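Subject: Structure handover

Hello,

Here is the structure you asked about, with the sequence alongside. My notes on what turned up in it follow below.

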Amino acid sequence: MNADANQRTEPWAESRPLNDVPAGFPVVSDCVEYLSELRTIVDDLLERRLHFPKDCPNRLAEAMRYSLLAPGKRLRPILALVAYELCSGTDIKEIAPVCVALEAVHTYSLIHDDLPAMDDDDLRRGRPTCHRQFDEATAILAGDALLTFAFEVLSEGAENPETASRLLEATRILSHAAGATGMVGGQADDVLWSSACQGGGDAHKLIDETIADAAEGEIDDVITETGDVRKSAISLLLKKIHRRKTGALFGAAVELGALMGEASVETRVTLRRFGYDLGLAFQIADDLLDVVGDEAAMGKNVHKDADANKLTFPALYGVEATREKLALVVSQAKSSLLERSCELERRPRALETLLYLIDFAAGREK
Ligand code: IPE
Ligand code: IPE
Ligand code: MG
Ligand code: MG
Ligand code: MG
């Protein structure tokens, strides 16, 4: 295990200059400094909010704090903060419940993803996974409690009449992204596929369902790439899994920032789409890092997806073609954001940072 497991190292790599400084946000000179400041803000918000009355069993509270306060990148709340600034938000207190809720939902998804019944991993954020450090039952319950905690935090924020209606809408967006048609749905198909390939189920059924559910043009679009309907359906299924298991929460994070910044519906949709694409890029990069990444740098197990028969980009296309597809997702996402960004150009520093973040998501090493 990484000897510096408890030390916070910054994931951001190269630096890009930033100049305008909106009120209410940290004054910085470049993207790296800005993101590090935002990460510190998120860490402080989590640390301050994660306290429980005596009725919460100590072991449960310990497991929740252990996983939530471990050194994660905090990308989802950071994206919400950047989108909030982009949409002219100025009061970080207003968006604080959204940041805490996003990271709580994400951390619960990691705790459950690592369980023996799912990916069976023993390293996360540079530390033993929650079920390794505590026990399986405690890890399941810590995940349950973090998910519930997320919505408790959002609803507490709604006590303020100024933000109540936005936080109610935020609850709808986050629960939709996290639930059966979002993250949990993607995770369900992810494990269904691998267990079917390992002989525990029917992969053909999943392919047939993908063909039956495909919207018009979806399969045809991919057929031109592969020339084979079933292969095309697998490729579509892969994209759908990644968009739901990872894209949905990223899309929600960016949209929630826009919502709290009182952006127009059009801007919210533009930003949600960008967040979705960023999430897809992030997960394709994660698939690549499972093949070429370094366990100590990542703070989690690598070289596991192939043996577990995971449906991933490198498994389907190989490493080189995956890199090309990843570059395409990133460039298309940037172009569509820039095409529709007139309302956003008033905040160039936040726009620059969003563009930086999608490059980071695709090219990261951890
Ligand atoms: C890991 O997410 C799970 C995936 C979606 C691949 P992160 O890489 O954002 O995890 P932390 O929060 O930094 O630990
Ligand atoms: C899971 O994807 C993403 C979640 C929704 C938790 P992975 O299973 O590939 O994530 P890692 O590699 O364990 O972080
Ligand atoms: Mg998984
Ligand atoms: Mg996993
Ligand atoms: Mg992975």
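In this predicted model, the axes of α7 and α11 come within 9 Å of each other, and they cross at roughly 170°. Angles over 145 degrees count as roughly antiparallel, so α7 is roughly antiparallel to α11. On the α7 side the contact is made by R166, E169, A170, I173, L174, A177 and A178, and these meet A248, L249, G251, A252, E255, L256, L259 and M260 of α11. Sorted by class, the contact of α7 with α11 holds 11 nonpolar residues, one polar residue and three charged ones.

Both helices turn up again around α8 (183–200), since what covers the buried residues of that helix includes α4, α7 (164–178), α9 (203–213) and α11. The buried residues of α8 are M183, G186, D190, W193 and S194. They cover an arc of only 100° around the axis, so they sit on the same side of α8. G199 and G200 are on the other side of α8 and are exposed.

Next, the ligands. Ligand 1 is surrounded by G72, K73, L75, H106, R125, T246, Q283 and D286. That shell has one nonpolar residue, four polar and three charged.

The residues around ligand 2 are S109, L110, D113, D119, M183, Q187, K245, T246, D286 and K300. By class, two residues of the shell around ligand 2 are nonpolar, three are polar and five are charged. Which helices each supply at least two residues of this shell? They are α4 (92–113), α8 and α11 (229–260). The largest share, three residues, comes from α4. Two residues, T246 and D286, are listed around ligand 1 and also around ligand 2. M183 likewise has two roles here: it is one of the buried residues of α8 and part of the shell around ligand 2.

Two backbone angles should be mentioned. Most residues other than glycine have a negative phi. D120 is not a glycine, yet has a positive phi of about 50°. D120 is found in the loop between α4 and β1 (123–124). Is D120 buried, partly exposed or exposed? It counts as partly exposed, because 14 C-beta neighbours lie inside 10 Å. H303 is also a residue other than glycine with a positive phi, in this case near 55°. H303 is placed in the loop between α13 (295–298) and α14 (313–317). With 11 other C-beta atoms within 10 Å, H303 is exposed.

Last, a note on E295, which lies in helix α13. E295 is partly exposed, because it has 15 other C-beta atoms within 10 Å. Leaving aside neighbours within four places in sequence, E295 is in contact with N301 and V302. How far apart are E295 and G251, C-alpha to C-alpha? They are 27 Å apart in space and 44 residues apart in sequence. G251 is one of the α11 residues that meet α7.

Regards

Methods
Residues numbered from 1 in each chain as written. Chains lettered and ligands numbered in written order. Predicted model: local features only at pLDDT ≥ 70, side-chain atom pairs only at ≥ 80, totals over all residues. Near = placed C-beta within 6 Å. Nonpolar A, V, L, I, M, F, W, Y, C, P; charged D, E, K, R; others polar. Helix = DSSP H or I, 4+ residues; strand = E, 2+ residues; numbered from the N terminus. Buried ≥ 20, exposed ≤ 12 C-beta atoms within 10 Å, placed from the backbone. Arc of directions from axis to C-beta. Contact = placed C-beta atoms within 7 Å. Axes fitted to C-alpha atoms, helices over the stretch in contact; angles between N-to-C directions. Parallel < 35°, antiparallel > 145°, perpendicular 65-115°, else oblique.
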